[in-house]
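Please show me the structure first. I have some questions about how its parts are arranged.

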Amino acid sequence: MIGFIITGHGSYASGIYEAMEMITGTQDKVKVISFLPGMTADTYKNEIVASINSLKKSVSEIVVFTDLLGGTPFKTVAEQVIKENGIEVVSGTNLSMLIEGSILRLKMISSQELANQLLKTGKDGIDILELVSKNDEVDVEDFSVGI
């Protein structure tokens with residue numbers, strides 16, 4: 001199994017993690033780290049390092065999910081793992097990526113392979129609702145049941 005760390009600004013990490021678990025059920029080997037207002041860079045870095053070290057005891061590879069490319073969470077993680085093998089850092093994380101990742105990580109052994117697949121999943125999950133014309137009839141029953 002590949003371990004996950006989910007991090008980002010404010011309550012992003014805890015919120016997207018809760019949404020993932022609502023759909024996929026309880027997840028093992030996942031650490032959630034919020035970069036909260038008023039948190040010092042050292043405190044945040046120490047939480048990142050502790051989570052990586054904790055996961056390394058039980059998994060061989062890790063994918064770290066961050067909210068924004070270039071943001072403090074991304075940069076902090078990148079600085080810690082740049083010379084480590086078996087840890088991939090993904091930015092722009094969306095719920096589609098986490099849901100698919102929670103399934104694929106059970107059978108995949110390469111964090112790099114998983115991260116590449118989830119990048120595709122994340123991009124494919126972004127779309128816009130288009131109606132051919134305003135006069136098109138929309139079947140609202142199609143929207144009545146979620147995932």
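The questions below go through the sheet and then the helices.

Reader: What kind of model is this, predicted or experimental?
Author: Residues are numbered from 1 along each chain as its sequence is written, and side-chain values use heavy atoms, with hydrogens and water left out. Local features need pLDDT of at least 70, side-chain atom pairs count only at pLDDT 80 or more, totals for chains, interfaces and linings use all residues, and the model is predicted.

Reader: Which strands stand at the edges of the open sheet?
Author: Strands (E, at least two residues) and helices (H or I, at least four) are DSSP runs, numbered from the N terminus. Two strands pair if DSSP finds at least two bridges between them. The open sheet has four strands in the order S2-S1-S3-S4, with parallel pairing. Two strands have a single partner strand each, so one side of each is left without a neighbour in the sheet: S2 (30–35) and S4 (87–90).

Reader: Which residue of S2 is the bridge partner of Gly8?
Author: Strand S1 covers residues 3–9 and pairs with S2 in the parallel sense over six bridges. In S2, the bridge partner of Gly8 is Ser34.

Reader: What angle does the direction of H2 make with that of S2?
Author: Angles run from 0 to 180 degrees between N-to-C directions, and axes are lines fitted to C-alpha atoms, for helices over the stretch in contact. H2 packs on the sheet and touches S1, S2, S3 (62–65) and S4, where contact means heavy atoms within 4.5 Å. With the direction of S2, that of H2 makes about 175 degrees.

Reader: How is H2 set against H3: roughly parallel, roughly antiparallel, roughly perpendicular or oblique?
Author: Helix H2 (residues 41–56) and helix H3 (residues 72–81) pack with their axes 10 Å apart, at an angle of about 50 degrees. Angles under 35 degrees count as roughly parallel, over 145 as roughly antiparallel, 65 to 115 as roughly perpendicular and the rest as oblique. The angle therefore makes H2 oblique to H3.

Reader: How many charged residues are in the contact of H2 with H3?
Author: From H2 the contact includes Tyr44 and Lys45, and from H3 it includes Thr72 and Pro73. Ala, Val, Leu, Ile, Met, Phe, Trp, Tyr, Cys and Pro count as nonpolar, Asp, Glu, Lys and Arg as charged, and the others, Gly among them, as polar. By class, seven residues are nonpolar, three are polar and the number charged is one.

Reader: How far apart are the axes of H4 and H5?
Author: Helix H4 spans residues 95–104 and helix H5 residues 111–124. They pack at an angle of about 145 degrees, and the distance between their axes is 8 Å.
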